[in-house]
Amino acid sequence: MASSTPARQCSGNAARATALTAFLTRLHFYIGLFVGPFILMAALTGTLYVLTPQLENRLYADQLTTDSTGPQRPLAEQIAAAQASLHGEETLAKVRPAPAPGTTTRVMFHQPGLNDYEHLAVFVDPVTLEIKGTLVSYGTSGTLPARIVLDYLHRHLMLGEAGRIYSELAASWLWIAALGGVWMWWRTGRGGSGAGRSQRRRLRRWHSLTGLWLVVGLVFFSATGLTWSKWAGGNIGALRAQMGWVTPSLSVQLNGTAPANHAQGAHAGHGDHGTHGAPAMPTSLALWDQVLASARAAGIDAGKLEISPAANADSAWQVKELDRSWPTQVDAVAVDPRDLSITSRTDFADYSLVAKLIRWGIDAHMGILFGLPNQLLLAAFGMALSAMTVLGYWMWWRRRPAPGATQALLCQSWARLGLPARLVSLLLALALGWSLPLMGASLLLFVLIDLLRARTAEAATEPA
């Protein structure tokens, strides 16, 4: 009698594991069927985006580079040349000095009609003051028109704020699909070799193995992608603030203690969350050179940097490093225009470990942390994720049930779970639905579809 107790316990554990597998399998199916198109679109557009920095450099080589040699002219003269080339309706916003010999200075203006975080950039030869061209530039990354299209496609399908639903939905469910797939493989997909398998089993094997190779990346891209999202991103930002994981702020307030602006956020590559739309104070152009010299003396030594004038009389100027490759250079200083003193600074070396990891994670997501190797790795990942998604749909098409056939339902699989598992799953659903609102809304939709299918199946089996 005593020996039967372990056997019953083992049988009970196996039954619970089987019920959990059935539930996760059905949830995995719903994610793939309904969220799969969004994941596929995010993978394809993201792959195109990370593969095109070199193409952008070639497309806009005339604007970005120059053959001129010799000493650079003062920033004041370069800005004056840029202003003289325009019609006068633009407002000077920022300046990015030429980062290296043979490159141009980017003088950036607010222009009516441009989207948020976009500027009109005038490219000036720093040696001859020749205007090399004028292009729209977007975000802290300075993306130019060809890649702006890819950026917008990846971010919101060029549909504006409403389109951001697609990317947030994909990022919300991606990690659940990945971890659920690992469980399903562990429980049902490890046995046997490929020899003699049916095409359906071979497809499943390739789908599973690809997911196993990608699982860490899937979770990584889900987490980093959510930081850009509208609703979940706001919750993540609040959590970071509560836990002290925020990027240090640069105070530009001269008269008082409250910060009037912030240093670039961890995900500032797709959006310029600084002084967009705020006109600069009228000032002598010579002050641009003086502020730059003060920042250089304070240790702002990156080749890529951006100078922003004060927004009002009580604010300081900002000089920020923009080199987010390895090693990361994103230090920033605030400069008092009255005496050129440094009133505030943020140094990447002083960031908390979590803030550094977030910075590196976002930059790795964008393919800029390690340059070309980072790009190639992300491109391979994106193509593999796209292939895995297509394989999933192929598997579904081949095994789709005949019309009128009885199918397993999500609610039925959930009902077979033990009481503790049902309670835990409900608590997780509530917690995730609150922190990831689009996940919660879509999960509710899954349940409604499932209940409708159950009602339809019951009606079909009732006697006439």
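**Exercise 1. Which residue does E306 stand opposite in β6?** Then place strand β6 among its neighbours.

*Solution.* The model is a predicted one.

Step 1. Find the partner. E306 stands opposite K320 in β6.

Step 2. Find the strand pair behind it. Strand β5 covers residues 305-308, and four bridges join it to β6. The two strands run antiparallel.

Step 3. Turn to the next neighbour. Strand β7 spans residues 332-335 and is joined to β6 by four bridges. This pair is antiparallel too. Here Q318 stands opposite A334 in β7.

Step 4. Check the two sides of β6. W317, V319 and E321 point one way. Q318 and K320 point the other way. Every one of these residues is buried.

Step 5. Conclude. Five of the five residues of β6 (residues 317-321) are buried, so the strand is largely enclosed by the rest of the structure.

**Exercise 2. Which strands pair with β2, and in what sense?** Work out as well how enclosed β2 is.

*Solution.*

Step 1. Take β1, residues 91-96. Five bridges join β1 to β2, and the two run antiparallel. K94 has M108 in β2 as its bridge partner.

Step 2. Take β3, residues 118-124. β2 and β3 also pair over five bridges, in the antiparallel sense. R106 has F123 in β3 as its bridge partner.

Step 3. Look at the faces. T105, V107 and F109 lie on one side of β2. R106, M108 and H110 lie on the other. All are buried, and both faces are covered.

Step 4. Conclude. Six of the six residues of β2 (residues 105-110) are buried, so β2 is largely enclosed by the rest of the structure.

**Exercise 3. At what angle do helices α7 and α10 pack?** Describe their contact.

*Solution.*

Step 1. Know what to look for. Two packed helices are described by the angle between their axes and the distance between the axes.

Step 2. Read both values. α7 (residues 199-226) and α10 (residues 353-366) pack at an angle of about 105°, with their axes 10 Å apart.

Step 3. Classify the angle. The range 65 to 115 degrees counts as roughly perpendicular. That makes α7 roughly perpendicular to α10.

Step 4. List the residues that meet. From α7 come F220, F221, T224 and G225. From α10 come G361, I362, A364 and H365.

Step 5. Sort them by class. The contact has four nonpolar residues, four polar residues and no charged ones.

**Exercise 4. What span should helix α11 have, and how far apart are its end C-alpha atoms?** Then name its buried residues.

*Solution.*

Step 1. Compute the expected span. α11 runs over residues 372-398, which is 27 residues. At 1.5 Å a residue, it should span 39 Å.

Step 2. Compare. The end C-alpha atoms are 39 Å apart, which agrees.

Step 3. Name the buried residues. They are N374, Q375, L378, A379, F381, G382, L385, S386, M388, T389, L391 and M395.

**Exercise 5. Where does L179 lie, and which residues does it contact beyond its neighbours within four places in sequence?**

*Solution.*

Step 1. Locate it. L179 lies in helix α6, residues 164-188.

Step 2. Judge its exposure. Partly exposed means between 20% and 50% relative accessible area. L179 has a value of 42%, so it is partly exposed.

Step 3. Look across the sequence. L179 and L212 are 33 residues apart in sequence. In space they are 9.2 Å apart, C-alpha to C-alpha.

Step 4. List the contacts. Leaving aside neighbours within four places in sequence, L179 is in contact with V215 and V219.

**Exercise 6. Which residues does a cis peptide bond join?** Then find two positive phi values outside glycine.

*Solution.*

Step 1. Find the cis bond. It joins W326 and P327, with omega about 0°. P327 is found in the loop between β6 and β7.

Step 2. Take M158. Its phi is near 60°, a positive value in a residue other than glycine. M158 is in the loop between α5 and α6. At 46% relative accessibility, M158 is partly exposed.

Step 3. Take L340. Its phi is near 65°, again positive in a residue other than glycine. L340 sits in the loop between β7 and β8. At 27% relative accessibility, L340 is partly exposed.

**Exercise 7. How many helices and strands does the chain have?** Add two figures for the whole chain.

*Solution.*

Step 1. Count the elements. The chain has 14 helices and eight strands.

Step 2. Give the buried share. Buried residues make up 43% of the 464 residues.

Step 3. Give the share of long-distance contacts along the sequence. Among contacts between residues at least 6 apart in sequence, 65% join residues at least 24 apart.

Terms used:
Residues are numbered from 1 along each chain as its sequence is written. This is a predicted model: local features need pLDDT of at least 70, side-chain atom pairs count only at pLDDT 80 or more; totals for chains, interfaces and linings use all residues. Side-chain values use heavy atoms; hydrogens and water are left out. Buried means under 20% relative accessible area, exposed over 50%, partly exposed in between (1.4 Å probe, protein chains only). Two strands pair if DSSP finds at least two bridges between them. Axes are lines fitted to C-alpha atoms, for helices over the stretch in contact, and angles run from 0 to 180 degrees between N-to-C directions. Angles under 35 degrees count as roughly parallel, over 145 as roughly antiparallel, 65 to 115 as roughly perpendicular and the rest as oblique. Contact means heavy atoms within 4.5 Å. Ala, Val, Leu, Ile, Met, Phe, Trp, Tyr, Cys and Pro count as nonpolar, Asp, Glu, Lys and Arg as charged, and the others, Gly among them, as polar. The expected span of a helix is 1.5 Å times one less than its number of residues.
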